Amino acid sequence: TPPLALKDLNGKAHDLKDYRGQVVMVQFWATYCAPCIKEMPSVERLKTKLAGKPFTILAVNMGENEREVRAFLNKIKVDFTILMDGDAQAIAAWKVFVAPSTFLIDSQGKIRYTLQGGAEWDAPELMQVIVGMTAE
């Protein structure tokens, strides 16, 4: 798994290594990406449905600035962690070419599932994959 160490919108540092023992959804997205916007409500629902399970969402913004992202989040209300990749280092390290690109990382820190393009993340088949990973 490539490294991922970025700051959130409040300047707090997050490092993927610190989330060992949890299943982590790492999602690369952008405010101008229609499929990203379409799937965000389902990501928020997924977070709610998995409350109490060892599961975290890290949504990595692809190279935009804080003003753009905050303006977007005023319209689309989400409560998961948004990380800023202003210099596109994470995009390069994770070899992301498509927005959205989503990686599910298991509790040992290994990438177990990759999806390029949008999805309904609280659909039963995807929920089953994630819940299964959190039970390991």
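Student: Which handedness does the β-α-β unit of β3, α1 and β4 have?
Tutor: Happy to start there, keeping in mind that this is a predicted model. The strands β3 and β4 run parallel, with 7 bridges joining them. One of the facing pairs sets V26 opposite L58 in β4. Together with α1, these strands form a β-α-β unit that is right-handed.

Student: And which helix joins β4 and β5 in a right-handed β-α-β unit?
Tutor: Begin with the strands: β4 and β5 run parallel and are joined by 5 bridges. Here V60 stands opposite L83 in β5. The right-handed unit is made by β4, β5 and the helix α2.

Student: How many of the residues of β4 are buried?
Tutor: Take the strand one face at a time. On one side F55, I57, A59 and N61 are buried, and on the other side T56, L58, V60 and M62 are buried too. Both faces are therefore covered, given that buried means under 20% relative accessible area. The count for β4 is 8 of 8.

Student: Which residues touch the most other members of the largest nonpolar core?
Tutor: That core has 27 residues. The elements that give two or more residues to this core are β3, α1, β4, α2, β5 and α4 (124-134). The residues touching the most other members are M25, W29, L46, F55, I82 and W121.

Student: How many residues does the other core hold?
Tutor: This other core lies apart from the largest one. Among its members are Y19, V24, V26 and L83. We have already met V26, opposite L58, and L83, opposite V60. The size of this other core is 17 residues.

Student: Is L9 buried or exposed?
Tutor: L9 is placed in the loop between β1 (5-8) and β2 (13-15). Leaving aside neighbours within four places in sequence, L9 is in contact with E66, V69, R70, L73, I82 and M84. Its relative accessible area is 13%, and because buried means under 20%, L9 is buried.

Student: What separation do the C-alpha atoms of L9 and R67 have?
Tutor: Along the chain, these two residues are 58 residues apart. In space, their C-alpha atoms are separated by 9.8 Å.

Student: With which side chain does the side chain of T31 make a polar contact?
Tutor: T31 lies in the loop between β3 and α1. This residue is buried, with a relative accessible area of 17%. Not counting residues up to four places away in sequence, T31 touches I37, N61, E64, E68, V69 and F72. The polar contact, at 2.5 Å, is with the side chain of E64.

Student: Which residues does the disulfide join?
Tutor: The count comes to 1 disulfide. A pair of cysteine sulfur atoms qualifies within 2.5 Å, so an S to S distance of 2.2 Å passes. The residues joined are C33 and C36.

Student: Which handedness does the link of C33 and C36 have, then?
Tutor: Both ends of the link are buried: C33 has a relative accessibility of 6%, and C36 has 1%. The angle about the S-S bond is 85°. The link is right-handed.

Student: Where is there a cis peptide bond?
Tutor: Most peptide bonds are trans, so a cis one deserves a look. Here omega is about -10°. P100, one of the two residues involved, lies in the loop between α3 (89-93) and β6 (101-105). The cis bond joins A99 and P100.

Student: What value does the phi of A88 have?
Tutor: Most residues other than glycine have a negative phi. A88 is found in the loop between β5 and α3, and at 30% relative accessibility it counts as partly exposed. A88 is not a glycine, yet its phi is positive, at about 65°.

Student: Is K95 buried or exposed?
Tutor: K95 is found in the loop between α3 and β6. Its phi is near 55°, a positive value in a residue other than glycine. The relative accessibility of K95 is 59%, and because the cut-off is over 50%, K95 counts as exposed.

Conventions. Residues are numbered from 1 along each chain as its sequence is written. This is a predicted model: local features need pLDDT of at least 70, side-chain atom pairs count only at pLDDT 80 or more; totals for chains, interfaces and linings use all residues. Side-chain values use heavy atoms; hydrogens and water are left out. A nonpolar core is a set of buried Ala, Val, Leu, Ile, Met, Phe, Trp, Tyr and Cys residues joined through side-chain atoms within 4.5 Å. Buried means under 20% relative accessible area, exposed over 50%, partly exposed in between (1.4 Å probe, protein chains only). Helices (H or I, at least four residues) and strands (E, at least two) are DSSP runs, numbered from the N terminus. Two strands pair if DSSP finds at least two bridges between them. A crossover is right-handed if, with the strands pointing away from the viewer, the path from the first strand over the helix to the second runs clockwise. Contact means heavy atoms within 4.5 Å. A polar contact is a pair of N or O atoms within 3.5 Å; within protein, one must be able to donate a hydrogen and the other to accept it, and residues adjacent in sequence count only if both atoms are side-chain atoms.
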